[in-house]
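Got your viewer open? Let's take a walk through this structure, picking out side chains as we go.

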Amino acid sequence: MKKYVLILVALIIFNFSFAQETITFPDQSSVITTGVPFMLIAPDARSAAMGDMGVATSMDAYSQQYNPAKYVFSEAKSGVSLSYTPYLSRLVNDISISYATYYNRLNEFSAVSASFKYFSLGEITLTQGQDDPGINVQPNELTADIAYTLRLADQFAMSVAIRYLRSDLRIDQVDPNADAAGSFGADITGYYQSEEEAYNDFNGRWRLGFAIQNLGPKFSYDDGGRENFQPTILRLGGGFDFIFDEYSKLAVTAEVTKLLVPTPPLFGFVDSNGDGVQTEDDPSTPDVNENEPTIITQGQDNDVSFLNGVFQSFGDAPGGFSEELREFTWALSAEYTYQENFAFRAGYFNEAEDKGARRFFGLGAGFKYTTINLDLSYLFSASRVQSPLENTLRFSLTFNFGDGEYDEY
C-alpha cells in the first residue's frame with residue numbers, strides 16, 4: 001500500500017520508530033529511549049500471549065529471542081519456525097515484523113541456533129506537492145544472530161549469542177549525509193530446569209532464567225549525528241510447572257526486565273544574566289553553546305559509552321532509588337497444556353506510568369499436529385497509551401524434526 005504523505009509527516013513516523021513503543025508526554029522527561037527498539041518486541045505468538053516474556057518459560061523454537069540456553073532441553077533434534085506480526089494494523093496494512101529461527105542439538109550437551117528478524121515500514125511515497133510524482137522509499141530494520149549453547153550440568157545451561165543489526169530509516173533523498181546504521185551486539189543467557197518432583201496431589205518442576213541482551217556499541221546514521229544506544233536489557237524470570245497427570249500441565253511464570261541504558265537527566269538552564277530566573281535567552285537544552293556548560297539539576301550525564309551506560313543505569317535516575325524501581329517492568333503468565341497437543345495461554349505486562357505506561361493483556365492458543373506447531377495470540381491494551389500491536393492477531397508456525405530423539409536430561 002502506498003501512502004502519499006508530506007515529508008514532514010514521514011519524518012514524524014520515523015521519529016516515532018526510534019522511541020520505544022510508547023508516547024512520550026511532556027512531563028515524562030525520564031522515559032528511556034534507544035535505537036532499534038523493534039528488537040524488544042515479542043516476535044512470536046506464544047511469548048506475546050504470555051505478556052511478552054520468554055526468559056524462563058519452557059523451551060520452544062523461538063527461544064532465540066529471549067534465552068537460547070533453553071535449546072539443550074529440547075526433546076527434538078532440530079526445528080525451524082516462522083512468525084509474522086502486523087504492526088499498526090489499525091492504520092496501515094504493510095508495516096510488519098517477520099521472524100525466522102533455526103536450532104539444532106549437536107549432542108546431549110550442546111546446541112547451535114540462529115534467527116533473522118525483519119521490520120518493514122512498507123512503501124512510502126514522499127511528495128512535495130499535489131503534482132509531484134513523489135519518491136518511493138522502503139525504510140526497514142533487521143537483525144541476524146547466531147548462538148551456541150552448552151549444558152554445564154544436568155539441569156543448567158548457558159548460551160552466548162552474537163548479532164548484527166542494521167537500521168535503514170533515514171531518508172538519503174532528504175538528507176544526503178544520511179546512511180543506514182549498523183552495529184554488532186552480544187547476549188549472555190542462562191536457564192535452569194529442575195527434575196520433576198512429587199508433591200501431595202501433583203508433580204512439579206521449577207524453571208529459572210536470566211539474560212543480558214544487546215550488549216554492543218552505540219551507533220549513528222551519519223558522522224555528525226546523535227549516537228543511539230542499543231536496547232541493552234536485563235531479564236530475570238522464574239516459573240513452576242504443575243504436572244497433574246500424564247496429560248495435563250499448568251505452567252505459571254513471572255518475569256522482570258530493566259533497560260541497561262542511562263536515564264536522561266533533568267537539565268537546568270544557563271543563567272545568562274544571573275537573575276536566577278529562566279528567560280527566553282537562557283537555554284535549557286543539552287545542546288547549549290559549547291562555551292557554556294549544561295546544568296544537570298538531577299541525574300547524570302548520559303553521554304557515556306555503552307559499557308559505562310550499563311553500570312550507570314542502576315543508579316542514575318533523577319528521582320533516586322524509587323524511580324530506579326519504576327524502571328523495572330514485570331509480567332505474569334499462565335499456560336495450560338493438554339496432551340502436548342493443545343495449549344491455552346494468558347499473560348499481563350506492566351510498565352510504570354512515568355516510564356512509558358505500557359500495560360496490556362495477552363491471550364493465545366497453541367495447536368500441535370505430529371511435528372507441526374501453530375500458535376496464535378491477541379493483545380488487549382490496559383493503558384491510556386495505545387499500543388501499536390493492540391487488537392492484532394499474530395501467527396507463528398514451527399516444524400520440529402527428530403521429535404523425541406532426546407530426553408529432558
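Start by selecting Glu335 and Arg345: both of them are buried. Keep in mind that you're looking at a predicted model. Now show the two side chains as sticks. They form a salt bridge, and the closest N and O atoms are 2.6 Å apart. Glu335 belongs to strand 16 (residues 328–338) and Arg345 to strand 17 (residues 342–350), so this pair ties together parts that are ten residues apart in sequence.

Which residues join this pair in a network? Add Arg46, Asp60 and Asp375 to your selection: salt bridges that share partners link them with Glu335 and Arg345.

Next stop: Arg163 and Asp187. Their side chains meet in a salt bridge, with 2.6 Å from N to O. Colour strand 8 (residues 156–168) to find Arg163, then strand 9 (residues 181–193) to find Asp187; the pair therefore ties together parts that are 24 residues apart in sequence. Are these two buried or exposed? Arg163 is buried, at 8% relative accessible area, and Asp187 is buried too, at 1%.

Now jump to Glu255 and Arg235. Here's another salt bridge, with the closest N and O atoms 3.4 Å apart. Glu255 sits in strand 13 (residues 248–259) and Arg235 in strand 12 (residues 233–243), so the pair ties together parts that are 20 residues apart in sequence. Both residues are buried. If you'd like to keep hunting, the structure has 20 salt bridges by the rule used here.

Time for some rings. How many aromatic pairs does the structure hold? There are 18. Select Tyr378 and Phe380 to see one of them: the ring centres are 4.9 Å apart and the planes meet at 65°, so the pair is edge-to-face. The cut-off behind that name is a plane angle over 60 degrees. Switch on the surface and you'll find Tyr378 partly exposed, at 29% relative accessible area. Phe380 is partly exposed as well, at 35%.

For a bigger group selection, pick Tyr199, Phe202, Trp206, Phe240 and Phe242. Ring pairs link these residues into a cluster.

Last, look for charges over rings. Zoom in on Lys117, whose charged end sits over the ring of Tyr99, 5.5 Å from the ring centre. Then move to Lys258, which lies over the face of Phe314, at 5.5 Å from the centre of that ring.

Conventions
Residues numbered from 1 in each chain as written. Predicted model: local features only at pLDDT ≥ 70, side-chain atom pairs only at ≥ 80, totals over all residues. Heavy atoms only, no water. Phe/Tyr/Trp six-rings, centres within 6.5 Å; stacked < 30°, edge-to-face > 60°. Buried < 20%, exposed > 50% of the residue type's maximum accessible area, 1.4 Å probe, protein only. Lys NZ or Arg CZ within 6 Å of the ring centre and 35° of its normal. Salt bridge = Lys/Arg side-chain N within 4 Å of Asp/Glu carboxyl O. Helix = DSSP H or I, 4+ residues; strand = E, 2+ residues; numbered from the N terminus.
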